[in-house]
Amino acid sequence: MTIQTSNELATEARKILAEKDEIESKIAELSGILIEQGNVGLNSPLIDSEGFPRADIDVYTVRLARNQIIRLQTDLKEIMKKMEIALYDLHSAKKKENENSSASTTNAVFARVNKVLHDSPASDAGLQSDDLIIRFGDVDMLKCRPGVDPLSEVPSIVLINENVRFVDCDCFILKNYDQKFSYLETLDCCNQKRKRK
């Protein structure tokens with residue numbers, strides 16, 4: 001048995017949804033026939049008070065429409081069960097993919113903070129020794145061009161932003177990691193705006 005990706009599961013869910021819509025459309029069409037026949041519905045009697053077939057409706061058409069509606073309602077229940085399973089599988093797959101992508105975030109680390117000076121901008125931003133940097137301004141390992149060391153881009157970001165007071169910042173810092181970077185406990189993020197002095 002092969003494991004389906006979230007895209008494959010989404011395609012499958014869309015097909016089931018299309019089947020559901022088609023069944024609902026047929027039910028609505030058949031319900032329209034019952035309304036045309038004097039709004040008899042699924043449970044109205046088809047005989048008069050004397051036990052004869054009603055003369056004001058086409059009994060054959062009503063019985064046929066009722067029968068088809070009941071069959072389609074059964075089909076609809078089955079489709080809804082399939083849809084429930086498909087959506088559960090889809091969301092489970094998405095969750096696993098998100099967990100896998102966040103687990104690979106540690107591969108995106110491009111710098112480790114060796115030392116933070118007291119009362120420095122880095123200290124004010126909350127950086128501490130041994131924090132791992134996965135993004136600095138527009139620089140991150142995943143978006144960096146092949147063959148370019150992202151750490152070499154940092155000085156130009158600093159130079160561009162010299163004398164800029166960051167009221168808010170855009171930083172991503174990994175904290176509480178093991179020595180081999182094999183897992184990540186927390187990801188502190190702050191997405192904020194900056195103002196010039």
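Lys20 is buried in this predicted model. Its relative accessible area is 14%, which falls under the 20% cut-off and therefore places Lys20 among the buried residues. Despite this burial, Lys20 forms a salt bridge with Asp21. The closest N and O atoms of that pair are 3.6 Å apart. Asp21 is partly exposed, with a relative accessible area of 39%. The pairing extends to a further residue: Lys20, Asp21 and Glu24 are linked in a network of salt bridges. Side chains of opposite charge can pair when their charged atoms come close.

A search of the whole structure finds five salt bridges. One of them joins the side chains of Glu22 and Lys26, with an N to O distance of 3.5 Å. Both residues belong to helix α1. Glu22 and Lys26 are four residues apart in this helix, so about one helical turn separates them. Glu22 is partly exposed, at 47% relative accessible area. Lys26 also counts as partly exposed, at 39% relative accessibility.

Another salt bridge involves Arg54, which is found in the loop between α1 and α2. Its partner is Asp56, and the closest N and O atoms are 2.9 Å apart. The two residues differ in exposure. Arg54 has a relative accessible area of 19% and is buried. The value for Arg54 lies under the 20% limit, so the residue counts as buried. Asp56, at 56%, is exposed, because its value is over 50%.

The side chain of Arg54 has a backbone partner as well. One of its polar atoms lies 3.0 Å from the backbone oxygen of Pro45. Pro45 also appears among the residues that Arg54 touches, when residues up to four places away in sequence are not counted. The others are Val40, Ser44, Leu46, Ile47, Asp48 and Val59. Arg54 thus combines a loop position, a buried side chain, a salt bridge to Asp56 and a polar approach to the backbone of Pro45.

The largest nonpolar core has 17 residues. Ile23, Leu34 and Val62 have the most contacts inside this core. Two elements give two or more residues to the core: α1 (6-36) and α2 (59-103). Helix α2 gives the most, with eight residues. In soluble globular proteins, nonpolar side chains tend to be buried together.

Leu34 has contacts with several residues beyond its sequence neighbours. Leaving out residues up to four places away in sequence, Leu34 touches Asn39, Val40, Gly41, Leu42, Val62, Ala65, Arg66 and Ile69. Val62 on this list is itself one of the residues with the most contacts inside the core. Val40 is touched by Leu34 and by Arg54.

The protein chain as a whole contains four helices and seven strands. Along the sequence, the order of elements is α-α-β-α-β-β-α-β-β-β-β. The chain has 197 residues, of which 29% count as buried. Among contacts with a separation of 6 or more, 56% join residues 24 or more positions apart. The accessible surface of the chain comes to about 14500 Å². Carbon and sulfur atoms account for 53% of that surface.

Conventions
Residues numbered from 1 in each chain as written. Predicted model: local features only at pLDDT ≥ 70, side-chain atom pairs only at ≥ 80, totals over all residues. Heavy atoms only, no water. Core = buried A, V, L, I, M, F, W, Y, C linked by side-chain atoms within 4.5 Å. Buried < 20%, exposed > 50% of the residue type's maximum accessible area, 1.4 Å probe, protein only. Contact = heavy atoms within 4.5 Å. Areas by Shrake-Rupley, 256 points an atom, 1.4 Å probe, with all protein chains shown as cover. Polar contact = N/O pair within 3.5 Å; in protein donor to acceptor, adjacent residues only side chain to side chain. Salt bridge = Lys/Arg side-chain N within 4 Å of Asp/Glu carboxyl O.
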